[in-house]
Amino acid sequence: MTYDPTNIFGKILRGELPAHKVYEDDTALVMMDIFPQSRGHALVIPKAASRNLLDADPAALAAVIPLVQRVAKAAKTATGADGVRVAQFNEAAAGQTVFHLHFHIIPVYDGIALGTHAGGGRADDAELIALAKDIAAAL
Ligand code: 5GP
């Protein structure tokens with residue numbers, strides 16, 4: 001399977017579609033998931049083109065993992081979550097729905113079940129804007 005640049009995250013990275021951005025540098029973009037599994041669900045997206053972990057350049061992976069850690073810590077702090085799940089899916093059979101590599105940062109709250117992966121409702125824009133700001137401030 002080859003990388004298809006018309007995927008939705010490719011469009012967001014090129015500025016063709018909007019996003020609730022948390023952080024951006026030369027190598028990665030962090031944004032809120034608009035169909036979150038929990039309050040504060042964010043996505044860390046390396047800018048280097050790959051479908052997923054399987055075809056990614058190891059150097060790009062090495063560069064992004066420290067950012068995954070930073071965002072996981074910031075999301076937990078900013079939301080007051082009790083834990084944080086980091087998830088990443090490779091190909092449709094494994095649950096992947098957008099075919100540009102990304103890492104899910106999903107705050108987890110005691111006693112609150114996570115929503116469905118890629119199947120929940122769209123979050124309120126004002127809430128996503130506020131969460132993006134709070135997570136950015138905790139980075
Ligand atoms: P995957 O299934 O590929 O691991 O995850 C894709 C994620 O992207 C899902 O959690 C889904 O909610 C999210 N998503 C789908 N479309 C959009 C979009 O247009 N904007 C944002 N911010 N997230 C999206």
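**Nonpolar cores and two positive phi values**

The largest nonpolar core has 23 residues, and those with the most contacts inside it are Val30, Met32, Val44, Val71, Phe103 and Ile105. A nonpolar core here is a set of buried Ala, Val, Leu, Ile, Met, Phe, Trp, Tyr and Cys residues joined through side-chain atoms within 4.5 Å. Buried means under 20% relative accessible area, exposed over 50%, and partly exposed in between (1.4 Å probe, protein chains only). This is a predicted model, in which local features need pLDDT of at least 70, side-chain atom pairs count only at pLDDT 80 or more, and totals for chains, interfaces and linings use all residues. Residues are numbered from 1 along each chain as its sequence is written, and side-chain values use heavy atoms, with hydrogens and water left out.

**Cores**

- Two or more residues of the largest core come from each of β2 (28–32), β3 (42–46), α2 (58–79), β5 and α3; helices (H or I, at least four residues) and strands (E, at least two) are DSSP runs, numbered from the N terminus.
- The largest share of this core, eight residues, is supplied by α2.
- Another core lies apart from it and has seven residues, among them Phe9, Leu29, Met31 and Leu43.

**Valine 30**

- Beyond its neighbours within four places in sequence, valine 30 is in contact (heavy atoms within 4.5 Å) with His20, Lys21, Val22, Tyr23, Ala42, Leu43, Val44, Leu67 and Val71.

**Positive phi in loops**

- Glutamate 91, in the loop between β4 (83–87) and β5 (103–108), has a phi near 80°, a positive value in a residue other than glycine.
- Alanine 118 is placed in the loop between β5 and α3 (125–138), and its phi is near 55°, also positive.
- Alanine 118 is partly exposed, at a relative accessible area of 48%.
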